[in-house]
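Visitor: I'd like to go through this structure with you and ask how each label is earned. Could you take me from the contacts between chains to the sheets?

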Amino acid sequence: MHMSDALISPSVAAGAGVVAVSLIAVAIEVCTRKASTLNPTRREYLFPLMGVLGAFVFAAQMINFTIPGTGSSGHIVGGILLAAILGPWAAFLTLSSVLIIQALIFADGGILALGCNIVNMAAMSCLVAYPIFFRTLVCPNASAARISAASIIASVIALVLGAAALSAETALSGVAALPMRQFLVYMVVIHLVIGVGEGIATAAVLAIVRHYRPDILFENNLSDTKPTVAHRAARVISLFAIAALIIGASFSWVASSKPDGLEWSIEKVAESPTLANPDTNYHRIAAQMQEQTALMPDYDTSLAGILGSGAIILGVFVIAYIFRYQPRR
Amino acid sequence: MHHYLTFNDIHFNYPHAEEALRGVSFTLQHGEHVAIAGANGAGKSTLLMLCNGLLMPTSGWVDVGGVRLTEQSLQTIRQQVGLIFQDADNQLFMPTVEEDIAFGPSLMHLTDEEVATRTSQAMHEVGIEHLRGREPHTLSGGEKRRTAIATVLAMTPSLLLLDEPTTGLDPRSRRQLIELLRGFRHTMLIATHDMDMIADLCPRTILLNEGVVAADAPTEKIFDDASLLERCGLERPLSWQAMKF
Amino acid sequence: MSRRLYEALYLIDATEHTARLKTPLAQIDARAKLVVLLTFLLTMLSLPAERLSNLMLFAIYPITMAAAAGIGYGQVLRRSLIIIPFVALIALPNIFYQREPMLEVYGVVITRGWITLLAITLRGILAVQGVVVVIASTGLYGTCRAMQRLGVPHILASQIYLTLRYIRLMVEQALHLQQAVESRLFSRKTLPLTLWARLTGRLLLLSIGRGEAVGRAMASRGFVGQMPQLPYRHTKRWRRRDSTYLVVWCSTLLLLRVLHFAEMIF
């Protein structure tokens with residue numbers, strides 16, 4: 001899901017932006033360096049392939065399919081698909097540029113939120129889910145069933161991680177007063193289902209590509225080197241460890257029957273009008289940061305203020321309308 | 001006489017596929033305009049791509065301007081050889097026409113002024129100065145084709161290779177293109193099955209059939225032999241069919 | 001089914017069209033416009049959500065920009081309304097969690113939750129409007145050039161250019177494929193997964209082929225892996241009006257953020 005500018009605070013946007021920018025810088029470095037080690041023919045094709053595949057992803061994201069089992073429709077993000085063709089870093093760069101372009105063309109993704117979206121959608125799928133949960137499970141002669149399983153696992157992990165990050169960013173922003181825990185659970189569950197859909201879709205497309213163009217896929221990956229056996233074993237072990245950690249952590253948090261101290265006291269004091277937000281930790285920090293940037297003493301909005309603003313804006317609108325530039329036909 | 005392009009017993013096959021070229025040999029002199037005629041799948045495009053090293057022969061050798069085609073000589077040869085592909089959209093990949101034409105020269109380690117001069121010159125030669133700042137997708141088929149030619153001309157090549165240049169053009173654009181090509185003094189190798197264009201532009205024709213050179217002779221002689229043309233999946237040009245019966 | 005694709009094509013074309021008109025806003029250097037847009041977003045979004053009256057004043061930016069760009073504000077408004085469902089959905093719980101009263105209107109008590117809900121929705125709408133107006137008067141390529149001149153690395157910028165160049169083609173190709181499929185489906189529902197996979201798979205194969213063809217074209221002209229730095233020749237130079245624009249708007253926005261005009265006057 002896309003993070004919108006409406007729900008983000010500049011501090012969170014800046015933080016995510018820093019992460020995104022660093023990852024992009026690394027990706028550029030990795031791609032340039034790896035490109036120079038490829039043989040001339042491959043090297044020539046990496047850049048144009050990235051560009052055209054970016055356009056492909058843009059178009060493919062707008063074609064919906066019905067998710068089997070449910071009645072609704074969805075579209076893929078395409079991170080795992082791209083990574084299977086280009087390798088993790090090139091795919092990350094491609095997907096990031098697609099996100100930037102989408103933010104500019106559709107203007108609904110959010111400009112400040114780009115950092116978050118790049119991290120949630122591009123980084124999680126290409127840089128985390130793909131290398132750890134897809135590449136390690138798939139070898140050059142993998143069966144179709146294996147590829148499907150790997151696609152589904154990787155897609156689910158990618159989307160769930162992205163959803164978790166989105167929830168964290170929303171909570172940290174403190175704009176929406178959502179209870180973090182409930183929101184997190186809700187997002188994770190939804191994206192689990194969507195992830196399965198994306199995994200199946202990815203696997204189906206990979207099967208077609210593999211049938212007609214096996215040379216372009218992970219076995220002869222443009223920017224990947226084949227992992228050695230020991231390398232792979234280590235990764236497989238680590239993947240199970242990470243999976244266990246994630247599952248364990250979320251289960252313990254969600255299923256915890258002992259509310260933490262603060263919530264317990266809130267429950268005791270039902271209906272207190274001074275309660276701003278259940279997860280006050282995050283909200284308090286965010287509110288503090290916002291207060292510190294205000295130069296005037298905080299007084300909230302009043303009716304007179306709202307009406308007055310409305311009048312000012314109306315006046316501005318009328319003036320702008322009168323003096324607007326009219327393009328000649 | 002100093003040959004410009006030499007193909008010596010070239011064999012080529014795509015990976016996991018049958019041989020596309022089975023022993024092709026010919027030579028081109030400086031300034032010759034030669035057509036490579038053949039049906040679809042005869043190997044014309046493959047042959048052209050072997051001329052500038054996009055493909056490397058599986059056996060045999062290629063000489064371009066006296067330089068043997070190898071992995072090391074690729075860049076030198078590519079500065080001398082300009083290949084214009086069938087699909088113009090794949091060659092116009094920059095945001096504007098001007099930047100597309102400047103692409104080649106700016107990779108040649110020239111100064112900014114030299115790049116600018118070459119760009120203007122190429123646009124002038126082809127007659128597209130008015131399209132300078134346009135985006136490629138706004139151009140018509142004929143304009144795209146001419147712009148693609150300009151992108152190659154800006155590198156001042158000695159050998160021009162054209163792959164089906166008249167495909168998809170309306171009669172006026174086609175006529176403009178033929179007139180343009182007629183004025184070129186470069187060595188030209190045109191892969192096509194537009195027999196009327198061959199009659200107009202190329203005194204010599206190489207007939208390619210299933211990866212083998214079926215004939216290499218003056219164009220008139222080849223057009224006289226209707227059965228040969230038919231065997232190669234071609235026909236006499238319409239203008240000839242009317243004249244000679 | 002193909003609505004989204006048509007919409008994308010329309011938006012791309014419309015953006016480039018309006019950017020080419022000789023409007024006052026189009027004459028301003030794109031870098032200035034981008035910096036002001038960023039300032040707008042930063043100042044507006046750093047406002048605490050309760051300050052609705054303060055927030056409303058930020059509408060000055062998109063309203064005047066739209067007028068200067070020769071774009072009807074109605075169009076801009078309409079485009080910005082699209083995000084309401086998504087944003088409002090997430091902000092809805094505010095009503096339940098922020099119950100303290102804030103205003104009284106003719107005896108009806110409005111809680112903080114409602115105010116913040118309105119504010120969040122308004123933020124979203126205004127953010128979209130700001131982006132729409134700036135992009136419409138600058139164009140996609142213009143914006144990327146400005147980003148590059150502001151420091152975006154060359155490789156990323158050329159990647160974006162290349163993608164932009166082929167998006168149109170790719171969307172058209174996708175449309176053709178989708179229409180071919182649709183004409184054989186009798187219902188107007190979305191594609192079943194198998195058909196979708198075949199369509200997307202075909203599109204992907206076409207893209208890979210085109211990517212390689214572009215690679216061949218690039219290689220034929222001497223490309224060895226690094227995009228050349230093309231000389232900027234026809235880009236406008238920074239003029240005094242750009243500085244004026246930048247300074248005036250940035251200070252206005254900062255003032256709007258820091259002072260409560262409406263509260264002070266009324």
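Visitor: What makes the area between chain C and chain B count as buried?

Guide: This is a predicted model, and the area is computed from it. Chain C and chain B bury about 2700 Å² between them, with 59% of it on carbon and sulfur atoms. Buried area is what two parts lose in accessible area on being put together, summed over both, so the 2700 Å² belongs to the two chains jointly. On the chain C side, Arg165(C), Arg221(C) and Leu230(C) lose the most, together 29% of what that side buries.

Visitor: How do you know which residues are in contact there?

Guide: Contact asks for heavy atoms within 4.5 Å. By that test, 29 residues of chain C are in contact with 33 residues of chain B.

Visitor: Why is the pair Arg165(C) and Asp89(B) called a salt bridge?

Guide: The closest N and O atoms of Arg165(C) and Asp89(B) are 2.9 Å apart. The cut-off is 4 Å between a side-chain nitrogen of Lys or Arg and a carboxyl oxygen of Asp or Glu, so this pair qualifies. As background, side chains of opposite charge can pair when their charged atoms come close. Between chain C and chain B the count is five salt bridges, and there are also 10 residue pairs in polar contact.

Visitor: Which helices of chain C supply at least two residues to the side that touches chain B?

Guide: They are helix 1 (3-20), helix 10 (140-149), helix 11 (154-182) and helix 12 (193-220) of chain C. Helix 12 of chain C gives the most, with eight residues. The residues on this side of chain C divide into 16 nonpolar, four polar and nine charged.

Visitor: Now to chain A and chain C. How much area is buried between them?

Guide: About 9200 Å² is buried between chain A and chain C, and carbon and sulfur atoms give 76% of that. The contact takes 96 residues from chain A and 108 residues from chain C. Phe47(A), Ile63(A) and Tyr325(A) supply 8% of the area that chain A buries against chain C, more than any other three residues.

Visitor: What makes Glu212(C) and Arg213(A) a salt bridge?

Guide: Their closest N and O atoms are 2.9 Å apart. That is within the 4 Å allowed, and the partners are a Glu and an Arg, so the name fits. The count between chain A and chain C is one salt bridge, beside nine residue pairs in polar contact. Among the elements of chain A that each supply at least two residues to the side touching chain C are helix 1 (10-37), helix 2 (40-60) and helix 7 (180-212). Helix 2 of chain A gives the most, with 16 residues. This side of chain A divides into 68 nonpolar, 19 polar and nine charged residues.

Visitor: How many salt bridges are there over all chains, and why does the pair Glu212(C) and Arg213(A) join two chains?

Guide: A search of the whole structure finds 21 salt bridges. Glu212(C) lies in helix 12 of chain C, while Arg213(A) is in the loop between helix 7 and helix 8 (229-255) of chain A, so this pair joins two chains.

Visitor: Let's turn to chain B. How do you know that strand 1 and strand 4 of chain B pair?

Guide: Pairing needs at least two bridges, and strand 1 (residues 3-13) and strand 4 (residues 59-64) of chain B have five, so they pair, in the antiparallel sense. His11(B) stands opposite Ser59(B) in strand 4 of chain B. Both strands belong to an open sheet of four strands, in the order 2-1-4-5, with antiparallel pairing.

Visitor: Why are strand 2 and strand 5 of chain B at the edges?

Guide: Strand 2 (19-29) and strand 5 (67-68) of chain B each have a single partner strand, so one side of each has no neighbour in the sheet. Helix 1 (residues 44-51) of chain B lies across strand 1, strand 2 and strand 4 of chain B, at about 120° to strand 1.

Visitor: What makes the pairing of strand 6 and strand 7 of chain B count?

Guide: Four bridges join strand 6 of chain B to strand 7 (residues 159-163) of chain B, and the two run parallel. Two bridges are enough, so the pair counts. Within it, Val81(B) has Leu159(B) as its bridge partner.

Key:
Residues are numbered from 1 along each chain as its sequence is written. Chains are lettered from A and ligands numbered from 1 in the order in which they are written. This is a predicted model: local features need pLDDT of at least 70, side-chain atom pairs count only at pLDDT 80 or more; totals for chains, interfaces and linings use all residues. Side-chain values use heavy atoms; hydrogens and water are left out. Axes are lines fitted to C-alpha atoms, for helices over the stretch in contact, and angles run from 0 to 180 degrees between N-to-C directions. Buried area is the accessible area (1.4 Å probe) that two parts lose on being put together, summed over both. A polar contact is a pair of N or O atoms within 3.5 Å; within protein, one must be able to donate a hydrogen and the other to accept it, and residues adjacent in sequence count only if both atoms are side-chain atoms. Ala, Val, Leu, Ile, Met, Phe, Trp, Tyr, Cys and Pro count as nonpolar, Asp, Glu, Lys and Arg as charged, and the others, Gly among them, as polar.
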